[in-house]
Amino acid sequence: MGALDVLYWSMFQQLGIPESQIEPFLEPLINFVGETIDTIGYAHLLTTFKDKKVSKSIMIKYLIVNACTSYNAFIGPLSLNELGAIISTFHLRIKFLSENGMIIVV
């Protein structure tokens, strides 16, 4: 399950996406410290990554979870690979090419 893309319920609500787009999935997740996290379902969402000039969009299947966190979403390695992202945790940046070949830095 480490390759999941996760969207937190509070962010889903803030985006104003209709709940009718959620496919049910009610199996709980277990986090890193062994706590159970409630899941709500899956949603396929077109996700756009952009800087000030250019963008790139990919379809991501998010598992929506109800948990208190300082994050809005977690993008897993499979989606990052589809995006063609190069990640620098030291610089807190990702780089990838836009559809027209321009470098995007997020």
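Here are some numbered notes on this predicted model, going from the overall fold to the core, the aromatic pairs and the surface.

1. **Overall make-up.** The protein chain folds into 2 helices and 9 strands. Read from the N terminus, the order of the elements is β-α-β-β-β-β-β-α-β-β-β. The C-alpha trace spans about 40 × 30 × 20 Å along its principal axes.

2. **Burial and surface.** The protein chain has 106 residues, and 34% of them are buried. Its accessible surface is about 7,400 Å², and carbon and sulfur atoms hold 58% of that area. As for contacts with a separation of 6 or more, 46% of them join residues that are 24 or more positions apart.

3. **The largest nonpolar core.** This core has 20 residues, and those touching the most other members are L7, F12, L45, F49, I64, L83 and F96. At least two residues each come from α1 (9-15), β4 (36-50), β5 (55-66), α2 (77-83) and β8. The biggest share is from β5, which gives 4 residues. Apart from this core there is another one, made of 8 residues, including Y8, I37, Y42 and V65.

4. **I64 as a way into the core.** If you want one residue to centre your view on, you could try I64, which sits in strand β5. Its relative accessible area is 0%, so I64 is buried. Which residues does I64 contact, leaving aside its neighbours within four places in sequence? They are L7, W9, F12, I22, T39, I40, G41, Y42 and A43. One of these partners, I40, is 24 residues away from I64 in sequence, while their C-alpha atoms are 5.5 Å apart in space.

5. **A stacked pair within one helix.** The model has 3 aromatic pairs. One of them joins W9 and F12, whose rings are stacked, with 5.5 Å from centre to centre and 15° between the planes. Both residues belong to helix α1, where they are 3 residues apart, or about one turn of the helix. W9 counts as buried because its relative accessibility is 16%, under the 20% limit. F12 is buried too, with a relative accessible area of 1%. Both W9 and F12 also appear among the contacts of I64.

6. **An edge-to-face pair between strands.** F49 and F96 form another aromatic pair, with ring centres 6.0 Å apart. Why is this pair edge-to-face? The planes of the two rings stand at 80°, and over 60 degrees counts as edge-to-face, so the pair gets that label. F49 lies in strand β4 and F96 in strand β8, 47 residues apart, and the pair thus links distant parts of the chain. F49 is buried at 11% relative accessibility, and F96 is buried with a relative accessible area of 3%. Both F49 and F96 are listed with the core residues that touch the most other members.

7. **A nonpolar patch on the outside.** L97, I103 and V105 make a nonpolar surface patch of about 260 Å². Within it, V105 belongs to strand β9 (residues 103-105). Is V105 buried, partly exposed or exposed? With 33% relative accessibility V105 falls between the 20% and 50% limits, so it counts as partly exposed. Leaving aside neighbours within four places in sequence, V105 is in contact with D51, R93, I94 and K95. L80 is 25 residues from V105 in sequence, and the two C-alpha atoms are 13 Å apart in space.

8. **A backbone point to look at.** L92 is not a glycine, yet its phi is positive, at about 50°. Where is L92 found? The residue is in the loop between β7 (86-88) and β8 (93-97). L92 counts as exposed because its relative accessibility is 69%, over the 50% limit.

Note on methods
Residues numbered from 1 in each chain as written. Predicted model: local features only at pLDDT ≥ 70, side-chain atom pairs only at ≥ 80, totals over all residues. Heavy atoms only, no water. Patch = residues over 30% accessible without salt bridge, like charges linked within 9 Å, V, L, I, M, F, W, Y side chains within 5 Å. Areas by Shrake-Rupley, 256 points an atom, 1.4 Å probe, with all protein chains shown as cover. Salt bridge = Lys/Arg side-chain N within 4 Å of Asp/Glu carboxyl O. Buried < 20%, exposed > 50% of the residue type's maximum accessible area, 1.4 Å probe, protein only. Core = buried A, V, L, I, M, F, W, Y, C linked by side-chain atoms within 4.5 Å. Contact = heavy atoms within 4.5 Å. Phe/Tyr/Trp six-rings, centres within 6.5 Å; stacked < 30°, edge-to-face > 60°.
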